[in-house]
Amino acid sequence: MSLPIRELSRCNGKSVTVVLKNQTRYSGRLHLSDEHMNLIIADCSEIRSSTEEGTDKQQVVRLGKVFLRGNNIAYI
């Protein structure tokens, strides 16, 4: 069994989706991670979901390279 940090480092260069504790989702290519689960994601897009009058809408905002702090991450 391997540690989650090792598994995360194996994902460098691969596509990931990260969900923060406030339910914001980011999707892109994992560029770098560290032992605190801080992440740098390249070609990143923020995916915003909203519900209006019973319909679900998604808005995608392209951000480029972003830094996400590990203590804000719910899951990857």
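## The β3–β4 hairpin

In this predicted model, Glu52 has Thr55 of strand β4 as its bridge partner. That pair belongs to a longer arrangement: strand β3 covers residues 39-52, strand β4 covers residues 55-68, and twelve bridges join the two. The strands run antiparallel.

Together β3 and β4 make a hairpin, with two residues between them. Look in the turn for Glu53, whose phi is positive, at about 50 degrees. Further along the pairing, Cys44 stands opposite Gly64 in β4.

## The β2–β3 hairpin

Strand β3 also pairs with strand β2, which spans residues 25-33. Here seven bridges connect the strands, again in the antiparallel sense. One place to find this pairing is Tyr26, which stands opposite Glu46 in β3.

These two strands form a hairpin as well, this one with five residues between the strands. Within this hairpin, Met37 takes a positive phi near 65 degrees.

## Ile41 and its surroundings

Now let us visit Ile41, a residue of strand β3. Is Ile41 buried or exposed? Ile41 counts as buried because its relative accessible area is 0%, and the cut-off for buried is under 20%.

Leaving aside residues up to four places away in sequence, Ile41 touches Val16, Val18, Gly28, Arg29, His31, Gly64, Lys65, Val66 and Leu68. Val16 has contacts of its own: counted in that way, Val16 touches Tyr26, Ser27, Gly28, Leu30, Ile41 and Ile76. As for Lys14, its C-alpha lies 9.9 Å from that of Ile41, with 27 residues separating the two in sequence.

## The nonpolar core

Which residues make up the largest nonpolar core? This core has twelve residues: Leu8, Val16, Val18, Leu20, Tyr26, Leu30, Leu39, Ile41, Cys44, Val66, Leu68 and Ile73. Strands β1 (15-20), β2, β3 and β4 each supply at least two residues of this core.

Such a grouping has a general background: in soluble globular proteins, nonpolar side chains tend to be buried together. Some members of the core are already familiar from the sections above, among them Ile41, Val16, Tyr26 and Cys44.

How values were computed: Residues are numbered from 1 along each chain as its sequence is written. This is a predicted model: local features need pLDDT of at least 70, side-chain atom pairs count only at pLDDT 80 or more; totals for chains, interfaces and linings use all residues. Side-chain values use heavy atoms; hydrogens and water are left out. Two strands pair if DSSP finds at least two bridges between them. Helices (H or I, at least four residues) and strands (E, at least two) are DSSP runs, numbered from the N terminus. Buried means under 20% relative accessible area, exposed over 50%, partly exposed in between (1.4 Å probe, protein chains only). Contact means heavy atoms within 4.5 Å. A nonpolar core is a set of buried Ala, Val, Leu, Ile, Met, Phe, Trp, Tyr and Cys residues joined through side-chain atoms within 4.5 Å.
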